Amino acid sequence: MPSHLIIAIDGPAASGKSSVARVLARRLGYVYVNTGAMYRAVTWHVLASGVDPADQSAVLSLLASTTIECDIAGHESAILINGVDPTPNLVSEAVNGAVSTVATISQVRSQLVALQRAYGEKSNSVMEGRDIGSAVFPETPYKFYIDASVEVRAQRRAKQGLQDSITQRDKLDSTRRTSPLVIAEDAHVIDSSHLTVDGVVGEIIGRLKIKGLLPTEF
Ligand code: CDP
């Protein structure tokens with residue numbers, strides 16, 4: 001069991017998890033942890049180093065000589081790769097196209113999952129990703145799965161002006177061998193297709209009241 005509370009938010013690409021998790025964390029005074037950013041950061045480093053993301057042994061030997069530091073800055077997770085902040089590069093078309101391939105490598109996952117679990121020892125957190133409720137913190141009683149129709153998700157990404165083949169990522173994420181995207185048995189599922197971010201946050205807060213984490217007057 002982690003020493004702090006973890007609220008797990010999982011779901012497919014562009015389902016609105018990040019916006020929801022950030023707003024929820026702010027309202028609760030928890031740290032917002034974006035685990036997708038960790039897979040994206042590693043992918044950026046792989047590409048910037050000229051390594052083929054599909055070449056698992058080349059990716060792993062690069063990682064063996066890479067320092068990955070995860071910390072908290074301004075109530076949010078922050079990552080440094082060999083001392084460099086990769087944030088400006090994380091949503092490039094190249095990273096979008098390669099991240100799910102890198103995320104299929106089980107040794108990459110175990111390294112990043114260890115860093116994710118370390119947040120559970122540092123602070124109460126709202127952690128979002130693909131496998132937080134199913135594999136990273138399966139013992140947390142606070143699990144949410146945010147979905148939306150594929151059309152709505154594609155529209156959301158296009159509105160952000162980003163090139164992103166979300167259906168291809170969903171397929172890779174759902175079919176990989178190690179901790180694929182699944183709905184944890186005890187997760188509360190929210191379809192955000194016709195909800196605003198505040199609407200989804202409101203539903204989560206309502207559920208956290210029912211579960212006794214928050215007082216009814218919150
Ligand atoms: O923002 P979006 O939902 O599109 O993606 P993200 O959360 O930034 O995650 C990018 C990619 O990282 C996903 O498509 C997965 O391949 C991988 N990922 C993962 O495998 N496990 C996680 N816990 C988080 C992300």
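Mentor: Contact here means heavy atoms within 4.5 Å, and we are reading a predicted model.

Trainee: Which residues does Ser 193 touch, not counting residues up to four places away in sequence?

Mentor: By that criterion Ser 193 touches Asp 147, Ala 148, Ser 149, Val 152 and Arg 156, while its own place is in the loop between strand E7 (188-191) and helix H9 (197-210).

Trainee: Why is Ser 193 called buried?

Mentor: Its relative accessible area is 12%, and buried means under 20%, so Ser 193 is classed as buried.

Trainee: What makes the pairing of the side chains of Ser 193 and Asp 191 a polar contact?

Mentor: The two side chains are joined at 2.6 Å, and the cut-off for a pair of N or O atoms is within 3.5 Å, so the distance meets the definition. A polar atom of the Ser 193 side chain also lies 2.9 Å from the backbone nitrogen of Ser 149.

Trainee: Why does Pro 138 count as partly exposed?

Mentor: Pro 138 has a relative accessibility of 39%, and partly exposed is the class between under 20% and over 50%, so the label follows from the value. Pro 138 sits in the loop between helix H6 (132-136) and strand E6 (143-147), where, leaving aside neighbours within four places in sequence, it is in contact with Ile 132, Gly 133 and Lys 143.

Trainee: How do you know that strands E3 and E4 pair?

Mentor: Pairing requires at least two bridges, and E3 (residues 68-73) and E4 (residues 76-81) are linked in the antiparallel sense over six bridges, so they qualify as paired. Within this arrangement Ile 68 stands opposite Ile 81 in E4.

How values were computed: Residues are numbered from 1 along each chain as its sequence is written. This is a predicted model: local features need pLDDT of at least 70, side-chain atom pairs count only at pLDDT 80 or more; totals for chains, interfaces and linings use all residues. Side-chain values use heavy atoms; hydrogens and water are left out. Helices (H or I, at least four residues) and strands (E, at least two) are DSSP runs, numbered from the N terminus. Buried means under 20% relative accessible area, exposed over 50%, partly exposed in between (1.4 Å probe, protein chains only). A polar contact is a pair of N or O atoms within 3.5 Å; within protein, one must be able to donate a hydrogen and the other to accept it, and residues adjacent in sequence count only if both atoms are side-chain atoms.
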